[in-house]
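User: Please take me through how the helices pack in this model. I would like short answers that I can check against the coordinates.

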Amino acid sequence: MSKTIVEQLADFTTQVDYSRLPERAVVESKRILLDSMGCALGAVDQHKGRIGIEYGRLTGGSNGDATIIGTADRVSIFGAAFANGELINALDFDAVLPPGHVTPYVLPQIMAVSESRSRSGRDVIAAIALAHEMSFRFYKAMDYLRDVKDGKMNLANVLGYSNTIFGATAAVGRLGDYSPAVLANALAIAASTSPVNSQRSWTAHAPTATIKYSLAGALTQASLTAAYMAELGHRGDLPVLDDAEYGYRRFIGTQRWEPDRILEDLGENWLFPAEQTFKPYPHCRILHGPLHALTEIVERNDLKADEIDAIRCWGEAAVLHPLWLSNAIEHTHDAQFSIAHGLAVGAHHVLPSKRWHDPELVFSDSVMRLMDRVTFQPHPDYFAELAAHPSARPARVEVDARGTTFAAERRFPKGSPSPDPTTRMTDDELIAKFRVNAEGVLSEARMDSVVEAVFELDEVDDFGVVMRQLGTDTN
């Protein structure tokens with residue numbers, strides 16, 4: 001009898017090992033880790049981050065062996081994973097990989113389990129690569145945000161990132177040295193307990209819900225539950241991914257289901273590094289091309305916000321929905337997605353950092369006035385460029401100031417791997433971003449130590465030592 005999809009994924013998971021990873025997967029896994037640590041540190045005083053910390057404390061107890069980043073707390077694996085998932089995602093500054101935000105749903109469990117079990121740095125790298133690769137492959141098999149049909153954006157009625165539960169569950173099982181049989185049951189349980197895909201509703205309403213596209217903390221709990229239930233003896237529905245009529249594809253709500261994309265060359269061809277993206281701005285990724293163009297204009301011409309009469313933006317065609325077009329900024333969270341507000345902040349010469357979420361900037365008279373002078377339209381070349389390259393996001397920005405019009409364009413946004421080598425964020429740029437986010441939480445010496453440990457993670461014997469450096473300096 002042929003093996004089910006979850007059994008084949010389980011076999012792949014048991015075979016994942018640092019020694020078998022391509023160099024690019026190792027490099028990107030380290031970069032994802034450092035970037036995420038910084039994003040979490042930057043969010044410890046943010047509203048969403050504080051809620052995550054408090055809930056992590058509530059559920060995690062006080063005598064655990066897993067660190068809540070940016071605090072003196074060591075709690076249970078479940079408590080730390082919840083808190084750190086919320087922290088990583090709070091600023092919307094975290095790494096992006098199709099289907100969208102993968103990292104805050106899969107990395108916190110890896111951190112917590114690896115710290116608790118004193119796993120090596122090589123084990124952590126392998127788990128990060130595994131979680132991202134499997135999540136990316138599920139994205140290739142299902143509906144996603146930028147489906148194009150008949151030259152128009154075909155936004156599915158059901159969208160979300162719940163399929164990251166498989167990569168997360170696999171990574172936890174790999175760190176626990178589960179057998180193929182236990183792993184298969186864990187993955188099947190993950191399918192049956194996966195959170196719903198609620199993103200489509202979220203995009204249609206403004207002001208937006210602070211749970212975002214999916215609550216990161218909740219998904220960390222779902223994957224940990226699936227893994228530990230299998231380890232304790234629960235049995236999953238093994239054909240759940242094979243059954244197109246009644247199985248996962250049906251109850252998760254995807255119209256497109258191409259499972260061959262999950263399994264094709266699995267283990268031989270690692271796909272995620274080619275599309276792994278990092279954010280230079282703490283704002284929804286859809287605005288990064290326009291923000292980069294706007295930054296060029298205001299910095300090159302030393303424009304001040306009060307000199308600007310109008311900002312016209314042409315960008316992504318996928319965003320003609322209330323989430324992105326709303327000018328209703330009732331909470332700092334709303335500023336992460338509003339196109340008009342993001343461009344207004346981008347014109348103020350403020351270093352992209354947690355400072356973009358400072359209420360004094362978000363609600364300043366200068367930003368709110370400039371917001372009303374921003375207009376947005378889909379870029380006329382959007383569909384052609386997207387068809388030519390998956391990382392293409394054509395953008396044009398025009399700024400009226402000083403009696404003239406300044407303009408700049410981008411084809412590929414900064415942070416994406418693309419045919420333009422300048423768009424890829426370098427290690428130095430990621431280190432600088434980490435330091436800005438860690439400012440005020442870690443000392444310079446502690447920052448140095450974390451950066452060194454992450455880039456030399458292959459030589460780390462106990463990942464717990466690295467995680468404990470992310471606690472407050474009063475630990």
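User: At what angle do helix H4 and helix H10 pack, and how far apart are their axes?

Analyst: This is a predicted model. Two packed helices are described by the angle between their axes and the distance between the axes. For H4 (residues 77–90) and H10 (residues 216–232), the angle is about 145 degrees and the axes are 7 Å apart.

User: Is the crossing of H4 and H10 left-handed or right-handed, and what classes of residue make the contact?

Analyst: The crossing is right-handed. From H4 come Ile77, Phe78, Ala81, Phe82, Gly85, Glu86 and Asn89. H10 supplies Ala216, Gly217, Ala218, Thr220, Gln221, Leu224, Thr225 and Tyr228. By class, the contact has eight nonpolar, six polar and one charged residues.

User: Which term fits the packing of H5 against H7: roughly parallel or oblique?

Analyst: H5 spans residues 103–116 and H7 spans residues 164–175. Their axes lie 8 Å apart, at an angle of about 15 degrees. Angles under 35 degrees count as roughly parallel. H5 is therefore, relative to H7, roughly parallel.

User: Which residues of H7 touch H5, and how many charged residues does that contact have?

Analyst: H5 passes H7 in a right-handed crossing. On the H5 side, the contact uses Tyr105, Val106, Gln109, Ile110, Val113 and Ser114. On the H7 side, the residues are Thr164, Ala168, Ala171, Val172 and Leu175. The class count is eight nonpolar, three polar and, for charged residues, none.

User: How does H5 lie relative to H10: roughly parallel or oblique?

Analyst: The axes of H5 and H10 come within 8 Å. They cross at roughly 55 degrees. That angle makes H5, relative to H10, oblique.

User: Which residues of H10 make the contact with H5?

Analyst: H5 passes H10 in a right-handed crossing. H5 contributes Pro104, Tyr105, Pro108, Gln109 and Val113. The contact has eight nonpolar, three polar and no charged residues. The H10 residues are Ala216, Leu219, Thr220, Ser223, Leu224 and Tyr228.

User: Which side chain meets Arg74 in a salt bridge?

Analyst: Side chains of opposite charge can pair when their charged atoms come close. A search of the whole structure finds 38 salt bridges. In one of them, at 3.3 Å from N to O, the partner of Arg74 is Glu115.

User: How many residues apart in sequence are the parts tied together by Arg74 and Glu115?

Analyst: Arg74 lies in strand S2 (residues 74–75). Glu115 lies in helix H5, so the pair ties together parts whose separation in sequence is 41 residues.

User: Which peptide bond is cis, with omega near -5 degrees?

Analyst: Look in the loop between helix H9 (199–203) and H10, where Pro207 lies. The bond into Pro207 is cis, with omega near -5 degrees. It runs from Ala206 to Pro207.

User: What is the phi of Asp92?

Analyst: Asp92 lies in the loop between H4 and H5. Its phi is positive, in a residue other than glycine. The value is near 55 degrees.

User: What percentage of residues 7–258 is helix?

Analyst: UniProt, in an unreviewed entry, lists residues 7–258 as "domain: MmgE/PrpD N-terminal". The end C-alpha atoms of this span lie 17 Å apart. Strand makes up 3% and helix 58%.

User: And how far apart are the end C-alpha atoms of residues 281–456?

Analyst: The unreviewed UniProt entry annotates residues 281–456 as "domain: MmgE/PrpD C-terminal". The span is 38% helix and 15% strand. Its end C-alpha atoms lie apart by 26 Å.

Note on methods. Residues numbered from 1 in each chain as written. Predicted model: local features only at pLDDT ≥ 70, side-chain atom pairs only at ≥ 80, totals over all residues. Heavy atoms only, no water. Axes fitted to C-alpha atoms, helices over the stretch in contact; angles between N-to-C directions. Helix = DSSP H or I, 4+ residues; strand = E, 2+ residues; numbered from the N terminus. Parallel < 35°, antiparallel > 145°, perpendicular 65-115°, else oblique. Left-handed = near helix turned anticlockwise from the far one by under 90°. Contact = heavy atoms within 4.5 Å. Nonpolar A, V, L, I, M, F, W, Y, C, P; charged D, E, K, R; others polar. UniProt positions renumbered as here; feature names shortened; annotations may be inferred. Salt bridge = Lys/Arg side-chain N within 4 Å of Asp/Glu carboxyl O.
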